[in-house]
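Here are some notes to read alongside the structure. They are meant for someone opening it for the first time.

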2 protein chains.
Amino acid sequence: MRPEDAYKELLKWSRKLALLESIVEILEWDQRCYIPQKGNTYRAEQIGYVARLRHEMMRKPEVGEWLAAAEGGAWCSDPLLDESVNLREWKRWHERATKVPSGLVEHIARVTSEAQTVWAKARENNDWKSFEPCMAEVFALKREEAEAIGYKEEPYDALLDQFEPGVTASLFASIAGRIKEDLQKLVDSVRDCGKQIDDSFLCRRFPIPIQEKFGTMVLKRLGYDFNAGRVDITVHPFTVLVGPSDVRITVRYDEHDFRVGFFSMVHEGGHALYDQGLDAEHWGTPRGMPVSLGVHESQSRFWENMVARSKGFWKFFYPRLLQHFPILADVSLDNFWRAVNKVAPSFIRVEADEVTYGLHIVLRFEIERDLLNGRILIRDVPDIWNQKMKEYLGIKPPDNKFGVLQDVHWSAGLIGYFPTYLLGNIYAAHLMEAISYQIAPLDDLLERGQFFTILDWLRTRIHLLGCTYRPKELISQAIGQEIDPSLFVGYLKRKIAEVYGVVS
Amino acid sequence: MRPEDAYKELLKWSRKLALLESIVEILEWDQRCYIPQKGNTYRAEQIGYVARLRHEMMRKPEVGEWLAAAEGGAWCSDPLLDESVNLREWKRWHERATKVPSGLVEHIARVTSEAQTVWAKARENNDWKSFEPCMAEVFALKREEAEAIGYKEEPYDALLDQFEPGVTASLFASIAGRIKEDLQKLVDSVRDCGKQIDDSFLCRRFPIPIQEKFGTMVLKRLGYDFNAGRVDITVHPFTVLVGPSDVRITVRYDEHDFRVGFFSMVHEGGHALYDQGLDAEHWGTPRGMPVSLGVHESQSRFWENMVARSKGFWKFFYPRLLQHFPILADVSLDNFWRAVNKVAPSFIRVEADEVTYGLHIVLRFEIERDLLNGRILIRDVPDIWNQKMKEYLGIKPPDNKFGVLQDVHWSAGLIGYFPTYLLGNIYAAHLMEAISYQIAPLDDLLERGQFFTILDWLRTRIHLLGCTYRPKELISQAIGQEIDPSLFVGYLKRKIAEVYGVVS
């Protein structure tokens, strides 16, 4: 078989995989947004079935032959050609897939689909016990998956690698360990500075339809294309890439806390801008796919924090916010900006401030790593969770709804996923620095409403490149230097100093 | 292969087909309810792909062998056993499927998916020309499909038979011909009686959220399970069976016409009651499936017209309606009931009264039959439509939005589907007679709010039986006599006499 023909077969195969994947996405989107309660059982069957078709296609025996035949193509000389990029990633997919038996894949899909339903109910009723067996089953299955994939040091590596290629548990543990100390010190310094920030006005009444209107307006200004997306409401906000021009987000509103809806909307909007910015010409192939979850999270966190929690952003949007919510008329821009940047240990990760957020991640990482290594038991997780919350953040959740039951991830089988959130923060701080250095201080761009300038920079250097580079390379290329986790801490220190008017 | 083993294989195969089918349903539901505009192109690819998988599975070579092997089973002696029922229908499926090439099936799925998008826009913009090429393509492809399937008399038969097994174009033409005359006479007698019915109050302001509330309350009373369904809003209302406990409907509201939303809701609710009443134990096999579109329509029309346009129904619900809409306080129950039964030629089929409705169907049937037989051209259809409207109903549509562009069917490839609407009316009249005879006059049951008594009768005799009998047999069994189209006309005559206070 000629390399060109083999490549063509692989292209067709890859696009079929994308079709199946996109179908799972819409099934899951519907399940999380609109499905009637009794429809969940059969939905699990539907998802399990498509997941199995997808997995069978992934491990088709011909794929190995095509990959081998395509090796000899003219593209070999340049690893940055579309063909080389795709072949590299396809090989990675195929290797993973052939290692995990179809039955296990389908089993995991079915169990996690059902577990999400159980979780949603358990969370609602604050009922850990009803979720515990599901969680045990999910972890047992994911451990089995990790064994099937194989790893050098520990099972966690096999899972983390799917989300952030090239990062291992021990590497992340060393980054997390240092950052944990730095963040705890920062939290301490805020506490010790004695300055109180008033954020009580953020808990006035913000009618949800007006929150929707304001958020929609902001998303449009940032560049989100509503003709290629939509916003729905779910318990746990998420973004879903249904197709090349169909990128949907969901949000959760709280009428009595402006932050909940608005920042989740910008966060998911950041994810969506990445997905909407992928190269449609390469849809269904790695060249047109997001490179990693860490990079994905760098986009959401960049827009949520570096952009939407900056002073420049609010200099631009605050007058518009006041038009929507005259109830804030007595609040100065400066006080509003301080309030949305208040640092205060809290229970819910997605509502955490930028400083304590990282500690929520470290906590989850440590727990799931210990679970996979058999160092702790599922039944002890709520207690361990609460102990760590006390240790890292100085607070103890009142119940499991505010603790171990808050995130969808474990029910969805997304183990090894949390580290990408912290990596995303680290990358995001770098992106901010780079834009400020290469174009103009980010705050100035924002104050002038030059959102498309920023989006354009991200499009060219991140979104449109797909999997051309590996995650770390991609970021390094974009920022023009090596990644340095301490830069994120430096960014936070400067911000805290400004918000609290102290030098830590 | 033992017959039992062959049957087991067929069962698995049938359930996989149902999974694929159900996935197409949710993809289409999303497309009609929530998809962002730019997502339509890729959605067409997704649907086309699953349709092809489904078609490939349908024509798997092993199926023929399994069917042959299962012939010798112990169930052969009794055609009403579940196994016999399933085998009979599977054979029918398989025969049809092996006749139509996979490529054509996929082509039709893709073209009709795109055509629906084009149609929705064309209808919105009253722009027939933009839809004309799509319609031509759909009809050409469906003609090709009919040729592949084969037929005795004319291509239309091959298409109609999928929707209403056992009915041919010429058989339906003879029923339609007689009914057309009767209905025209009825329309004339209403016009000539000189009595005017005031329905202007139905066009007062009915806020949509309150329409939703009232409609939801009614649907619940009729027996629709909202934990196994939901109601959304679309241009063209429809019902979709997503899974054994997931039956969704959509409606279209008009703030200034109470009838539009309410009767579409009860109509789709009637479809949904059938689907929710199928035997879940037999999900994914013919034994647990609706038997035909005609029978399906008999359910929707029964609830919409025989139930929700009866005096008994409004004796029960009118006080509740007034609570929701005090704006009707000056309208007597009797006048309200007359108004919702007013006979007046109008342009839109789904809003037509019971008498003129049949004429809308005959018109469509004649056009699509002539198109398939090559007796007329696509480009002439708007004119022919308007001429027939003038001839049958005495009115001429002001534009194509109120004419040829009003229905989704042709864009969706649903040719040969319209006759089932009239058949449904005929069956529905029989069901009303039978219930009145076997239990108590329908009007009395309704006045007393005994909706579950009615639903229970339908469940036992229709819904739970699935495909046990062929459509005509099923209805005959339920009503205890042969089907007689003139009974429907008799029912209408009596109703008109009461509504208009005249004897025709």
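1. Let's begin with a small detail: which residue is the bridge partner of Gly243(A) in β3(A)? Asp246(A) is that partner. Keep in mind throughout that this is a predicted model.

2. That bridge belongs to a wider pairing: β2(A) and β3(A), the latter covering residues 246-251, run antiparallel to each other and are joined over four bridges. Step back and you have an open sheet of three strands in chain A, in the order β1-β3-β2, with mixed pairing. The edges are taken by β1 (231-233) and β2 of chain A, each with a single partner strand, so one side of each has no neighbour in the sheet. From one strand to the next, the twist averages 30°.

3. Now look for the helix over this sheet. In chain A, α1(A) lies across β1, β2 and β3, and runs at about 135° to β2(A).

4. Chain B has its own open sheet of three strands, again written β1-β3-β2 and again mixed. Here β1 (231-233) and β2 (239-243) of chain B stand at the edges with a single partner strand each, so each has one side left without a neighbour in the sheet. The average twist between one strand and the next is 30°. For the parallel part of the pairing, look at β1(B) and β3(B) (residues 246-251), which pair over three bridges. One of the pairs to click on is Ile233(B), whose bridge partner in β3(B) is Val251(B).

5. Two helices of chain B are worth tracing over that sheet. Helix α1 of chain B (residues 3-33) lies across β1, β2 and β3 of chain B, at about 135° to β2(B). Helix α10 of chain B (residues 258-276) lies across β2 and β3 of chain B, at about 165° to β3(B).

6. How do α6(B) and α7(B) sit relative to each other, roughly parallel or roughly perpendicular? Helix α6 (residues 128-149) and helix α7 (residues 155-163) of chain B pack at an angle of about 90°, their axes 8 Å apart. They are therefore roughly perpendicular. On the α6(B) side you'll find Lys142(B), Arg143(B), Ala146(B), Glu147(B) and Ile149(B), and these meet Pro155(B), Ala158(B) and Leu159(B) of α7(B). The residues of this contact split into five nonpolar, three charged and no polar.

7. On to the domains of chain A. The domain assignment gives domain 1 (3-150) and domain 2 (189-351 + 408-500), and their C-alpha centres are 28 Å apart. Domain 1 of chain A puts 27 residues into the contact and domain 2 of chain A puts in 23 residues. On the domain 1 side, the elements giving two or more residues are α1, α4 (82-99), α5 (102-125) and α6 (128-149) of chain A. The largest share, 10 residues, comes from α1(A). That side is made up of 16 nonpolar, five polar and six charged residues.

8. Finally, the two chains together. Each of chain A and chain B gives 28 residues to the contact. On the chain A side, α1 (3-33), α2 (40-58) and β2 (239-243) of chain A are the elements that give two or more residues. The residues there are 14 nonpolar, eight polar and six charged.

9. How are the copies related? A turn of 180° with a shift of 0.0 Å along the axis lays chain A on chain B with an RMSD of 0.0 Å, which is the relation of a two-fold axis. And 100% of the interface residues of chain A are also interface residues in chain B, so the copies meet through the same surface.

Conventions. Residues numbered from 1 in each chain as written. Chains lettered and ligands numbered in written order. Predicted model: local features only at pLDDT ≥ 70, side-chain atom pairs only at ≥ 80, totals over all residues. Axes fitted to C-alpha atoms, helices over the stretch in contact; angles between N-to-C directions. Parallel < 35°, antiparallel > 145°, perpendicular 65-115°, else oblique. Contact = placed C-beta atoms within 7 Å. Nonpolar A, V, L, I, M, F, W, Y, C, P; charged D, E, K, R; others polar. Least-squares fit on C-alpha atoms with pLDDT ≥ 70 in both. Domains from an automatic or database assignment. Pairing = 2+ DSSP bridges.
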